[in-house]
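This report looks at how a ligand is held in a protein model. The sequence and structure come first.

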Amino acid sequence: MQSLQDKASEWSGVAAADAFAIDGCNIFESLGGTPQPFVDLSTNFYTRVYEDEEEWFREIFAGSKKEDAIQNQYEFLIQRMGGPPLFSERRGHPALIGRHRAFPVTHRAAERWLHHMQQALDTTESIDADSKAKMTNFFRHTAYFLVAGLETTRQHSHGCRGTACKHGASKPAE
Ligand code: HEM
């Protein structure tokens, strides 16, 4: 059977090795070792999401306050890209598939999410081009990992236990 990682690679067009190139360096440190670039990116991203002209997509986020969504995302990204484990300290294990179970994470939703993230990356000046390229691959692969994971758990409705996942893992200590 095709693994979720394989499906994510096929659907996103991003090989696992490229998605996890973020682990071959420390993006948090290379961006200056402060939260600011990640705060900038998440604020930029969620401003676009909450103002999306496409109501079906905007509605997916209607249950969360924009400020909370921004904080959840930048703390996750800081932790995942080599910085301190802010997300886990406040929210617990990332468990990305489980945390998205309430939402319709379809192929169409993934493309819209990625569209806003690409625009946010393109207009966030505190992130250099090389880091942006690595982050783009990570985001594409993770978005489709979520689509695949939720499709699978909905089909079999037995949760996602035992699913090997590096998307939410903290970067291993060097
Ligand atoms: C939270 C939707 C992709 C990481 C959320 C929330 C929604 C959502 C509605 C709740 C907002 C909040 O209260 O924080 C989606 C959709 C996606 C998607 C439709 C399309 C594929 C992603 C990707 C990542 C991600 C690619 C990681 C790279 C997170 C994180 C949270 C979150 C860390 C916060 C969870 C928490 O603190 O409970 N997402 N998401 N999401 N999402 Fe996504």
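The text below covers the ligand site, its polar contacts and the pocket around it.

The model is predicted. In this model, 20 residues surround the ligand, and those that come nearest are Ser 64, Asn 72, Arg 91, Arg 99 and His 100. By class, the shell around the ligand holds 14 nonpolar, four polar and two charged residues.

His 100 has two roles to note here. The NE2 atom of His 100 is the only protein donor of the iron atom of the ligand, at 2.1 Å. An N or O atom in the side chain of His 100 is also 2.9 Å from a nitrogen atom of the ligand. In the chain, His 100 is placed in the loop between H8 and H9.

Polar side-chain atoms of Arg 91 and Trp 113 also lie within reach of the polar-contact cut-off of 3.5 Å. The table lists the distances for these side chains and for His 100.

| Residue | Ligand atom | Distance |
|---|---|---|
| Arg 91 | oxygen | 2.6 Å |
| His 100 | nitrogen | 2.9 Å |
| Trp 113 | nitrogen | 3.4 Å |

The ligand takes up the space of the largest pocket. Two or more residues of the shell around the ligand come from each of helix H6 (66-80), helix H7 (86-91), helix H8 (96-99), helix H9 (107-122) and helix H10 (129-156). H10 gives the most to this shell, with five residues.

The volume of the largest pocket is about 750 Å³. Its lining consists of 26 residues, of which Tyr 46, Phe 61, Leu 96, His 100 and Trp 113 are the closest to the pocket centre. The elements that give two or more residues to this lining are helix H5 (55-60), H6, H7, H8, H9 and H10. Divided by class, the lining has 19 nonpolar, five polar and two charged residues.

Two residues recur in these descriptions. His 100 is the protein donor of the iron atom and is among the lining residues closest to the centre of the largest pocket. Trp 113 is in that group too, and a polar atom of the Trp 113 side chain lies 3.4 Å from a ligand nitrogen atom.

Conventions. Residues are numbered from 1 along each chain as its sequence is written. This is a predicted model: local features need pLDDT of at least 70, side-chain atom pairs count only at pLDDT 80 or more; totals for chains, interfaces and linings use all residues. Side-chain values use heavy atoms; hydrogens and water are left out. A residue is near a molecule or strand if one of its heavy atoms lies within 4 Å of it. A polar contact is a pair of N or O atoms within 3.5 Å; within protein, one must be able to donate a hydrogen and the other to accept it, and residues adjacent in sequence count only if both atoms are side-chain atoms. On a 1 Å grid over the protein atoms alone, a cavity is a set of points where a 1.4 Å probe fits but cannot get out, and a pocket is an open set with protein on both sides within 12 Å along at least five of seven lines; lining residues have an atom within 4 Å of a point. A molecule sits in a cavity or pocket if more than half of its atoms lie within 2 Å of its grid points. Helices (H or I, at least four residues) and strands (E, at least two) are DSSP runs, numbered from the N terminus. Ala, Val, Leu, Ile, Met, Phe, Trp, Tyr, Cys and Pro count as nonpolar, Asp, Glu, Lys and Arg as charged, and the others, Gly among them, as polar. Grid points are joined across faces, edges and corners, and a volume is the space filled by probe spheres set on the points. Donors are N, O and S atoms within 2.8 Å of the metal (3.2 Å for Na, K and Ca); water is not among the atoms, so sites may look incomplete.
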